[in-house]
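User: Please take me through the architecture of this model by question and answer.

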Amino acid sequence: MARKQLTGTLEEQCSFLYQLAQEKMASGNYTGAVYALKEIIKHKPDYGDAAQLLEKARHHKKAQSFRLVISLVGAVIFVGIGSGAGLDNDLWLFAFAFAGLLVGYVFANLVRGEATG
């Protein structure tokens, strides 16, 4: 897959990437924001508050990944409980998995001390 080549001065490219990173963060795409900010810092380390924004994006990305993993663990545990209880109906196991996702998500937020995603 070919990578897009940015045009313009270094300042214009950094400005574009910075705005892109802010948009990515606003939409919850912390991986994309981290990538854009790393590109800025690689070519212009002193660009505005890009370094601070990169740390913020990395923090949110880590928290997002933690919530995802704990939610999946919750789903696995709840399916295990359902299976152990003798539930053989897939619909019930699906309901248990969904409940486990929700419980895991809430638990992950409580552990991280965050009330909202």
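User: Over residues 66–85, what percentage of the chain is helix, and how far apart are the end C-alpha atoms?
Analyst: This is a predicted model, in which local features need pLDDT of at least 70, side-chain atom pairs count only at pLDDT 80 or more, and totals for chains, interfaces and linings use all residues. Residues are numbered from 1 along each chain as its sequence is written, and side-chain values use heavy atoms, with hydrogens and water left out. Helices (H or I, at least four residues) and strands (E, at least two) are DSSP runs, numbered from the N terminus. Over residues 66–85 the strand content is 0%, the helix content is 95%, and the end C-alpha atoms lie 28 Å apart.

User: Which annotation covers residues 66–85, and what is the helix content of residues 91–111?
Analyst: An unreviewed UniProt entry marks 66–85 and 91–111 as "transmembrane region"; such annotations may be inferred rather than shown by experiment, positions follow the numbering used here, and feature names are shortened. Over residues 91–111, the end C-alpha atoms are 30 Å apart, strand is 0% and helix is 100%.

User: At what angle do α3 and α4 pack, and how is their arrangement classed?
Analyst: Helix α3 spans residues 50–84 and helix α4 residues 90–112; their axes are 6 Å apart and the angle is about 140 degrees. Axes are lines fitted to C-alpha atoms, for helices over the stretch in contact, and angles run from 0 to 180 degrees between N-to-C directions. Angles under 35 degrees count as roughly parallel, over 145 as roughly antiparallel, 65 to 115 as roughly perpendicular and the rest as oblique. The pair α3 and α4 is therefore oblique.

User: Is the crossing of α1 and α2 left-handed or right-handed?
Analyst: Helix α1 (residues 10–26) and helix α2 (residues 30–43) pack with axes 8 Å apart at about 160 degrees, which makes α1 roughly antiparallel to α2. A crossing is left-handed if the near helix is turned anticlockwise from the far one by less than a right angle, and right-handed if clockwise. For α1 and α2 the crossing is left-handed.

User: How are α1 and α3 oriented to each other?
Analyst: The axes of α1 and α3 come within 11 Å, crossing at roughly 25 degrees. The crossing of α1 past α3 is left-handed. The two helices α1 and α3 are therefore roughly parallel.

User: What distance separates the centres of domain 1 and domain 2?
Analyst: The chain is divided into domain 1 (8–63) and domain 2 (66–113), with bounds from an automatic or database domain assignment. Taken over C-alpha atoms, the centres of domain 1 and domain 2 are separated by 34 Å.
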